[in-house]
Amino acid sequence: MITYVLVLCATHSGVSDGVRVWAALFCLSALFIPWLLERAEFWFVLAFTLSLNLIYNYADAANHYYLTIYATLFFAIEAYRRGQGYSGTTINIPRALIIIAFFLATLQKIISPYFVSGRLLADYFLNGNSIYNTMSRLFTEHPAAVEGFRSAYHDVAANPDFNQSAIGLLLPGERFVELSQSVALVILAVEFIVFAAFATGRVFRHSLIPVVALSFAWGTYFFRPEYGFYALFCLLFFLSRPDMKTPWKVLVVASIAAFLAFDVGDIDVLS
Amino acid sequence: MARQPRRLETLLLGVVIAVAALSLYRSQTSDLHRWKGGGFGMYTDPHPSRRMMWIEGEIAGEHTAFRVYPIDWRMAISGMRDSDLRRDLFHLEDLARDIRNYPARSDLADLTSQAQYLLQHHRGVPELAAIFPQTNVRFSVVEIRLAPGFDTLTTRPVSTNRPLW
């Protein structure tokens, strides 16, 4: 599992060339010298190196970049505790990270008028990057609407009178707005269910919790190619429930490997 | 056996919550993009690539504007003969890209000095003289999004900064 974390750190080390080179160098060193992985110092230095990007570029890092840093800090604390003679950390940090992330993701969506109104989903459907083929089967006018949206976007983006730019759009069908609003509500519900499943002790300890985690990762995969995040989510899930049964473990590890392969290979399976 | 300490674990989770709370506060009270800052606000607003930065000013009484991020390719192509100009314009685009997700945070010092550098070193390039007039120049960040009625694509001003000179 630690190897996957190293791959994630090496491939998601931000935008600064200096930080990327050092992070990749650290990760490669650890692959060749496994002893380093047991040293808290290694993980602290890796977390510090990744954090340098935030100093350079606070407003450019994605959320899963923060999660990657938190994961490396978790490994640092765990290595430190083992060095002290304990079996590991007492708090299930990977589970706590998932709970915090999903609570905030749900909250942020609830307080965002753009998401709650359904406009975000309509926006994604109209720009053609999300479930284009499915939408085209549902609405015969969808390809024309996407083409119109892209053309309008180009015109709006290039208009020097940028404060008052507005262009009318063709919508794919009568029920398009209702569909966008419904999908927004479904996404909100799914994220809340994941949060609740991880936050509720009984559900989290249930043997079927991998169904929730894997359904979320592979279900969301059909909307956006955020493979780095899905890999990290499955990884945190694996670390939070190391006692799950072997078939589930195999499925989770296979999912991590698949998402990382898509990510490292820069392959967009949806297009 | 002594009870296992958990100070570091608590500290880590405290940092996670503090970073997220700061991001949430900043996105609610200033121009920090909801997707950024570690507040887990992804897929709540249009993608960050929808934020553009423009530089604008008055030339002989006429309003002139040039898109700095993403860079106006017409300008970049017309300046292709001058490799220094091309490099400097792309550097300006990099700075604009970094600033646009949280324009209120920066006093635009880097962007200003880069624009001043361009003005001083490429004064002889007519296109550049048109882009960077010496008075009343300001940077603006706008975002492209769907209007509430769903049937119009429109721009929303995110922030406009003070005149540079």
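The exercises below work through the two chains of a predicted model, each followed by a stepwise solution.

Residues are numbered from 1 along each chain as its sequence is written, and chains are lettered from A, with ligands numbered from 1, in the order in which they are written. Since the model is predicted, local features need pLDDT of at least 70 and side-chain atom pairs count only at pLDDT 80 or more, while totals for chains, interfaces and linings use all residues.

**Exercise 1. Describe the secondary structure and the burial of each chain.**

Step 1. Helices (H or I, at least four residues) and strands (E, at least two) are taken as DSSP runs, numbered from the N terminus. On this basis chain A has 14 helices and one strand, and chain B has five helices and four strands. Read from the N terminus, the elements of chain B follow the order α-β-β-α-α-α-α-β-β.

Step 2. A residue is called buried if 20 or more other C-beta atoms lie within 10 Å of its own, exposed if 12 or fewer do, and partly exposed in between, with C-beta atoms placed from the backbone. Of the 271 residues in chain A, 42% are buried, and of the 165 residues of chain B, 38% are.

Step 3. Two residues are in contact if their C-beta atoms, placed from the backbone, lie within 7 Å. Among contacts between residues at least 6 apart in sequence, 66% in chain A join residues at least 24 apart; for chain B the corresponding figure is 49%.

Step 4. The C-alpha trace of chain A spans about 65 × 45 × 30 Å along its principal axes.

**Exercise 2. Characterise the side of chain B that touches chain A.**

Step 1. The count of contacts gives 45 residues of chain B against 48 residues of chain A.

Step 2. The elements of chain B that give two or more residues to this side are α1 (7-29), β1 (51-59), β3 (138-146) and β4 (152-160). The largest share, eight residues, comes from α1(B).

Step 3. For the classes, Ala, Val, Leu, Ile, Met, Phe, Trp, Tyr, Cys and Pro count as nonpolar, Asp, Glu, Lys and Arg as charged, and the others, Gly among them, as polar. The side of chain B that touches chain A then has 24 nonpolar, 12 polar and nine charged residues.

**Exercise 3. Determine how helix α4(A) is oriented against α1(B) and against α5(A).**

Step 1. Axes are lines fitted to C-alpha atoms, for helices over the stretch in contact, and angles run from 0 to 180 degrees between N-to-C directions. Angles over 145 degrees count as roughly antiparallel.

Step 2. Helix α4 (residues 63-83) of chain A packs against α1(B) at an angle of about 170°, with the axes 10 Å apart, and the two helices are therefore roughly antiparallel. On the α4(A) side the contact is made by A:Y66, A:Y70, A:L73, A:F74, A:I77 and A:Y80, and on the α1(B) side by B:L8, B:E9, B:L12, B:V16 and B:V19. These residues divide into 10 nonpolar, no polar and one charged.

Step 3. Within chain A, the axes of α4(A) and helix α5 (residues 93-110) come within 10 Å and cross at roughly 160°, which makes this pair roughly antiparallel as well. Here A:L67, A:Y70 and A:F74 of α4(A) meet A:I93, A:P94, A:L97 and A:A101 of α5(A), and the residues of this contact are seven nonpolar, no polar and no charged.

**Exercise 4. Locate the unusual backbone geometry in chain B, and state the burial of the residues with positive phi.**

Step 1. The peptide bond from B:Y69 to B:P70 is cis, with omega near -15°, and B:P70 lies in the loop between β2 (62-69) and α2 (73-78) of chain B.

Step 2. B:Y43, although not a glycine, has a positive phi of about 60°; the residue is found in the loop between α1 and β1 of chain B. B:Y43 is buried because 25 other C-beta atoms lie within 10 Å.

Step 3. B:F150, likewise not a glycine, has a positive phi of about 75° and lies in the loop between β3 and β4 of chain B. With 18 C-beta neighbours inside 10 Å, B:F150 counts as partly exposed.

Notes
Parallel < 35°, antiparallel > 145°, perpendicular 65-115°, else oblique.
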